[in-house]
Amino acid sequence: MAHGGTQAALAGHATHAGHHHEPQSFWRRYIFSTDHKIIAIQYLLTSLVMAAVGGFLAMLMRVQLGWPGRQWPLLEALMPNAFKGGRMDPDFYYGAVTMHGTIMVFFFLTTALSGGFANFLIPLQIGARDMAFPVLNMISYWLFPVAIVFALASFFVQGGAPGSGWTAYPPLSDREPLGQTLWLISVFILMLAFLAGGINYITTTLNLRTKGMSMSRLPLTVWTLFVTALVGLFAFPALMAAALMLIFDRVGGTHFFDPAGGGDPILWQHLFWFFGHPEVYIVILPAMGIVSEVLATHARKPVFGYRYMVGSTLAIAGLSFIVWGHHMFASGMSPTLGSMFMATTLAIAIPSAVKTFNWLATIYRSKMRFTTAALYAVGFVSLFITGGLTGIILGNPSTDLYFHDTYFVVGHFHFIMGAAALFGVFAGLYHWFPKMFGRMMNERLGKIHFWLTFLGIYGTFFPMHFLGTAGMPRRIYSWEAYQFLGDVATLNHIISISAFVLGAAQLIFAFNLFYSMFRGPKAERNPWQANTLEWWAPSPPPHGNWDEAEPVVYRWPYEYSPKYAPEGVDHIPQWLPEPAVATAGRDGAGAR
Amino acid sequence: MPTTTRKPPRTRHRLRRQGAAARPPVPVIAGRRVDTPGRIPPNGRGGGGGWGGGPGDDEARARAATMATWMVVAAVTLMFMGFTSTYVARSAEPGWARQDLPPLLWWNTAVLLASSVTMELARRRARKGLVAGARRALGVTTLLGLAFVAGQVAAWAQWLAAGVVASGSTHAAFFYLLSGVHAAHVAGGLGALLYGMWRLGRPGTPAQMAASMTNIATYWHFVDVLWLYLFALLLW
C-alpha cells in the first residue's frame, strides 16, 4: 500500500525518466561513465587495489623490522633488486616507507572515502539523479589513475621511489632522485582530481536536494562528506602551491626550500601541515559519518544528538586549520606559539568527545544487530578512543618533544587515520554493498574478517606505543644497530606477526568482495530496514537512480524504534508519507 | 495505539506552496516525532534531480555553476596565498634582492585590463540578448587574452636574454613561478572564453546565456585582479 501511496504522493513531481538516455555501449557505461554510481565503484575498486599495493609494502617493511639482518632467499628470487643478497636494500626500504604512507593516505583512504562513498551516497541520499557536473566527475576519476601511474612509475626509474617519507621534507626531498619529482607531479594531479570531485560534492549537496530534504534532514554521511569537501577545497591548494615550488627547486634550480641556496625548509613544513592536518580530518570525517549511519541503522535507535553531531563536524573542520603547528613542535617553534597550537589542538578533543559519547549513547541499551557492518562501526569507536587518547599526549609540546618521530607517533596516527578510517571504509562497504551490487556479502566470512582485522590491528599498533616509549625512532631501517633498543626485539616480532595476520585477513575480505559481487544472494531493496533515501531505490539503483520521480522527504533520517509507531514497526523511512506511517509494517511498506 | 486527527504540520503547507501534490488532512499517530530534531525547515532547496527538463533543474544547474565558479576562484586564491606567504617570509630574510621587472609587464597589464572591459561588454550584451555583439566582444577578449600570454612569454624571454634566470635569485624565481602559474590560469580562462563563444551559438534563453557569461566573466575578472595583485607584490 505504501508504495502505491508514495507514488501517488509523488505524482505532482516532474517525471524525469526519458529525459536522459542511458548509455548503451560498454565504454560509456562502465569505463568512461558519467554515472555517479559507476564512478563511485571505479574509485572504490581502484583504491582497494592501491590498498593492496600499500599493504604489501607494509608487509615488506615488517619483514625487515621484525627480523633485521636476516636473509630472505624467497624474497630475493621474487624481487632481486629490492632484496640484494637476500637482505632488503635500505633505499628500497625508505622508498617503501614513503610509498606506503602516500598510497594509504592519498590513494586509498582519501579516495575510497571521498571518491567512493561521496560519489555513491551524496546523490542517492539527497534524492538527486546524479552529481551537478557529471562530466567533471568523470574527469575527476580519470585524473586518479594518471596520478597512480606517476606515483608507481617512481619505483621503476633510476634511483627508485623517493625515500623522504610521505611528508617529503626538504632538504632531503630536494636531493632525492627522479622518483621524487614523479611523486610531486602525482600528488599535484591527485589534488586536482580531489578538487574537481569536491566542487561536485559541495554544489550537488547545496543545489540538488530533493523536495523536503532540508540541510537539517541530511543524513550524517552527507553532512560529513560535504564538510570534508569544504575542508579539501581550503586545504589542497596549500599542498599544490608547495608541490609546485618544490618541483621548481628540483627541476628549475630555484631555492625556495633548499637551505644550500638560502632556502627555508621550515616554509615547506608550514605549507605541508596547513594541508596535512586537515587531511587527517578529510580521512576521518567521512568515516565518522558512515559509522553514525551504520550504528543507528543496526542499533535500531535514532542517532543521539543529531544537531551536536553536525555541530561537532563543523567544529572539527574549522579547528583542523589552526592546529598545524603541533606537527612542528620540534622544529624550533617559540614556546608562546607552541602553547597556542597546543590549545587549539586540545580543543579538538571537545567535538571529538561529543561524537564519541553520542555514538556510545546511540548504542547504549539498543537492540543492536551485530552484522559485520555494525561490528566494524563499533570497532571504529574503540579504535578512535584509543588513538584519540594518545593524541592528547602528542598535542602537548612537553611530551611531544620526547615522543616526536618515535614509534609512539606511528602507533597514534595508525589508530586514528589508519585503522579507524579503514574500519569506516569496511563498515561502509559491508553496509552499502547490497545497494551497490544488488547482492549480499557473506556475513560469516565478514565476521571472521572483522575479528582477525580487529585483533591484528591492536596487535600491530598498540605495542608501537611501547616501542616509542623505549625511544625507537620511526622510519628506521636497522634499529638493531642501537644498543639501547636491544629490548624491543620481542615487541618487533609480535608486531610483525600481528601485521601478517592483519594482512592475511584482507585476503578473506577480497575473496568475499569479489565472490559476493557475482555470486552472493540477491539483495532486497532495503535489507537492513534503513531510513535513508538510497534504500528506496532498487538494488542496484538504475541509471538516474529513481524509477520515475525523485522521492519526497518527510522527516529526518533516524526515525528508528519510534514509540508512536504501530506494533512491529521499528523504523519510519524518510520517503514514507504520513498516511502510510499508520499502516507501515503491516504490508511491508516500511521495510521496502 | 491512540490516533488523532489534527491540523497538518507546517511541512505540509510548505510542500503545497512549492507545488507538491495537495493532500487532505490525514490521521496521524499521537506523540510522533517525525521532525526530530525540532524546528527543521520543512523543505530543501532542491530542484529535483541532476538533469531533466523541469525549470527547477535549470535553476539548480545555474546555481551550481555559479557556486562552482566561485569555488574555483577560492581554490586558486588559496594556492596563490600559499605562494604569497612563502614570498613574504623569504623577502624578509637577509640577502633578499629585488630586481627590476621587464618594462613589458606594464603593457601586458594594460592589455589584460582592456580584456576585462571587453569581457564586461560581452556579459552585458548577453544579458540583453544581443548574441552577435556578445560573441564579437568575447572574440576580442580572447585575442587580448592571447596577447597577454604572448606578452608574458616575451617578458620572460627579455629577462632570460638579460641573463636573469630562475636559479639566479629568489626574486627572479618568484617572478617566473608566479607569472607562469598565473599565465596557466589565464590559459584556462581562454578555454572558458572559447566555451562561451560556442555556448552563445547554441539555443538558449537570454537568462541562460547571461548566467553562463556571468560565470566566465567572474573568472576572467578574477585572473585580471589576481595579476594586478601579483604585479604589485613583485614590484614591492
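## Helix α11 of chain A

In this predicted model, helix α11 of chain A runs over residues 306-319, and because 14 residues at 1.5 Å a residue should span 20 Å, the 20 Å between its end C-alpha atoms agrees with the expected value.

The buried residues of α11(A) are Tyr306(A), Met309(A), Val310(A), Ser312(A), Thr313(A), Ile316(A), Ala317(A) and Leu319(A). Among the elements that cover these buried residues are α9 (220-252) and α10 (265-299) of chain A, together with α12 (335-347) and α13 (349-363) of that chain.

## Arg474 of chain A

Arg474(A) sits in the loop that lies between α17 (443-469) and α18 (489-519) of chain A. With a relative accessible area of 17%, Arg474(A) counts as buried, because the cut-off for that class is under 20%. Leaving aside residues up to four places away in sequence, Arg474(A) touches Asp405(A), Thr406(A), Tyr407(A), Val409(A), Val410(A) and Phe413(A).

## The largest cavity

A search of the whole structure finds 3 cavities of 30 Å³ or more, and the largest cavity holds about 170 Å³ of space. Its lining is made up of 20 residues, of which Ser114(A), Phe194(A), Gly198(A), Tyr201(A) and Phe236(A) are the closest to the centre.

Helices α5 (90-126), α8 (178-207) and α9 of chain A each supply at least two residues of this lining, and α8(A) gives the largest share, with 7 residues. Sorted by class, the lining of the largest cavity has 12 nonpolar and 8 polar residues, and no charged ones. Helix α9 of chain A thus appears in two settings, since it is among the elements covering the buried residues of α11(A) and also supplies lining residues to the largest cavity.

## The second largest pocket

The second largest pocket contains about 2000 Å³ of space. It is lined by 50 residues, and those nearest its centre are Phe133(A), Leu136(A), Ala65(B), Ala68(B) and Tyr195(B). Two or more lining residues come from each of α6 (134-153), α8 and α9 of chain A, and likewise from α2 (55-91), α5 (170-200) and α6 (206-235) of chain B. By class, the lining of this pocket has 32 nonpolar, 12 polar and 6 charged residues.

## The annotated domain of chain B

For chain B, an unreviewed UniProt entry lists residues 63-236 under "domain: Heme-copper oxidase subunit III family profile". In the model, chain B is 83% helix and 0% strand over residues 63-236, and the end C-alpha atoms of this stretch are 39 Å apart.

Key
Residues numbered from 1 in each chain as written. Chains lettered and ligands numbered in written order. Predicted model: local features only at pLDDT ≥ 70, side-chain atom pairs only at ≥ 80, totals over all residues. Heavy atoms only, no water. UniProt positions renumbered as here; feature names shortened; annotations may be inferred. Helix = DSSP H or I, 4+ residues; strand = E, 2+ residues; numbered from the N terminus. Expected span 1.5 Å × (residues − 1). Buried < 20%, exposed > 50% of the residue type's maximum accessible area, 1.4 Å probe, protein only. Contact = heavy atoms within 4.5 Å. 1 Å grid on protein atoms, 1.4 Å probe; cavity = no way out; pocket = protein on both sides within 12 Å on 5 of 7 lines; lining within 4 Å. Points joined across faces, edges and corners; volume = space filled by probe spheres on them. Nonpolar A, V, L, I, M, F, W, Y, C, P; charged D, E, K, R; others polar.
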